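Me: Could you take a close look at the ligand site in this model and walk me through it? I would also like to see how the sheet beside it is put together.

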Amino acid sequence: MTQVYDKVALIGLGLIAGSMAHAMREGGLAGRITGYARSAETRDTARQIALCEVCDSAAEAVAGADLVVLAVPVGAMADVMTQITPHLAPGVTITDVGSVKQSVIDAVTPHLPAGAHFIPGHPLAGTEHSGPRAGFASLFRNRWWLLTPLPDTDPDALARLDRLITAMGAKTDRMDAAHHDLVLAVTSHAPHLIAYTMVGVADHLRRVSGEEVIQYSAAGFRDFTRIAASDPTMWRDVFLHNKEATLDILGRFTEELFVLQRAIRMGDGQQLHDYFTRTRAIRRGIIEAGQDTEAPDFGRTPGARPAG
Ligand code: NAP
């Protein structure tokens, strides 16, 4: 593989930045990789596992970088920009990996120095694990990485970032930021909230029925608990920053839930059967699109990392 950037600075050293560091190193895609995280503890861990050249300030990490990756929770993007803006190299490309796009654009663009290229992005890849030890090189392999370029985005800067992402194994697509936020509200954000809720319900019930909920936990509930184990800070920020789209989808979800609830109450087996037949077809479509596997337990074998 050929080097795409001379120096890449990773701001935030968690699952996504860590996976990028591994993938870039494996592919020889960056001359140097520097990184910074807010806490000394995370920086020390990143140093111990030799994730990248770990710096003690964001300013030091970005100095001379031709690519800066904002890999912090979406609510921290503006704070990071205030720390790095005076230290950015001329002509730098800045991208982010946040799960919400419009609010990140609103947070970052006011801080951009003249001549900097900002290209928002979102890898559709993850696990319920977080922190610098959670990263691994193959996280992005065959996963989508959505880019939501602004109307005035420089085509050369965009093509170069695209080269880096595809060299890490991902497939790129472009999307308008507002559309991205709506699509992700359906496919990721609302499902996470539903999983958090279902686990919360079971937790209440556990207080009534002892340990049975844990002991006899079946596949459906276990999958909810995996999703509901995701990082609380990241997900708090996702909901606070994709408020409208998430509330829209949750409103629709509640309506559908009432329809099914009524069908159960009325004993309308035909309606339930028709509904489940339609949803089964969606599952088949996801497998055909290569976004999951037919294997039992969602392809998870003991010790294997699930793709989120
Ligand atoms: P993570 O593992 O929790 O890591 C977040 C990192 O950001 C930590 O190193 C944290 O440092 C650092 N950080 C937080 N606030 C900061 C600040 N103000 N200044 C500097 N560093 C700060 O998170 P992640 O899963 O990699 O997620 C990072 C971004 O990717 C988020 O925007 C998320 O929405 C997005 N994303 C996540 C997934 C996923 O499944 N996890 C998938 C796609 C996109 P400390 O440890 O010192 O606090």
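Reply: Happy to help; I will start at the ligand and then move along the sheet.

Please keep in mind that this is a predicted model. The ligand is surrounded by 29 residues, and the closest are Arg-38, Ser-39, Thr-42, Val-72 and Ser-99. Sorted by class, that shell has 15 nonpolar, 11 polar and three charged residues.

Let's turn to the polar contacts. Arg-38 brings an N or O atom of its side chain to 2.7 Å from an oxygen atom of the ligand. Two further contacts use the backbone instead: a backbone N or O atom of Leu-15 lies 2.9 Å from a ligand oxygen, and a polar backbone atom of Ile-16 is also 2.9 Å from an oxygen atom of the ligand. How much of the ligand does the protein bury? On its own the ligand exposes 900 Å², and the protein buries 89% of that. The elements that contribute two or more residues to the shell are α1 (15–27), α4 (77–84) and β6 (117–123).

Two of those elements lead us on to the sheet. Helix α4 lies across β1, β2 (30–36), β4 and β5 (93–96), and runs at about 150 degrees to β4. Strand β6 is itself part of the sheet, an open one of eight strands in the order β3-β2-β1-β4-β5-β6-β7-β8, with mixed pairing. At its edges are β3 (53–54) and β8 (171–174), each of which pairs on one side only.

It is worth following a few of the pairings. Beneath the helix story, β1 (residues 5–11) and β4 (residues 67–70) run parallel and are joined by four bridges; Val-8 has Leu-67 of β4 as its bridge partner. On the other stretch, β6 and β7 (residues 144–147) run antiparallel, with three bridges between them, and here His-122 stands opposite Leu-146 of β7. From β7 to β8 the direction is parallel, and four bridges join the two strands; Trp-144 is partnered there with Lys-171 in β8. As you look along these strands, it may help to recall that side chains in a regular strand alternate between the two faces of the sheet.

Finally, two loop residues deserve a glance at their backbone. Asn-142 sits in the loop between β6 and β7, and has a positive phi of about 65 degrees although it is not a glycine. Ala-50, found in the loop between α2 (40–48) and β3, is not a glycine either, yet its phi is positive at about 50 degrees.

To trace the path yourself, you could start at Arg-38 and its 2.7 Å contact with the ligand, go on to β6, one of the elements that give two or more residues to the shell, and then follow the antiparallel pairing from β6 into β7.

Notes. Residues numbered from 1 in each chain as written. Predicted model: local features only at pLDDT ≥ 70, side-chain atom pairs only at ≥ 80, totals over all residues. Heavy atoms only, no water. Near = heavy atom within 4 Å. Polar contact = N/O pair within 3.5 Å; in protein donor to acceptor, adjacent residues only side chain to side chain. Areas by Shrake-Rupley, 256 points an atom, 1.4 Å probe, with all protein chains shown as cover. Nonpolar A, V, L, I, M, F, W, Y, C, P; charged D, E, K, R; others polar. Pairing = 2+ DSSP bridges. Contact = heavy atoms within 4.5 Å. Axes fitted to C-alpha atoms, helices over the stretch in contact; angles between N-to-C directions.
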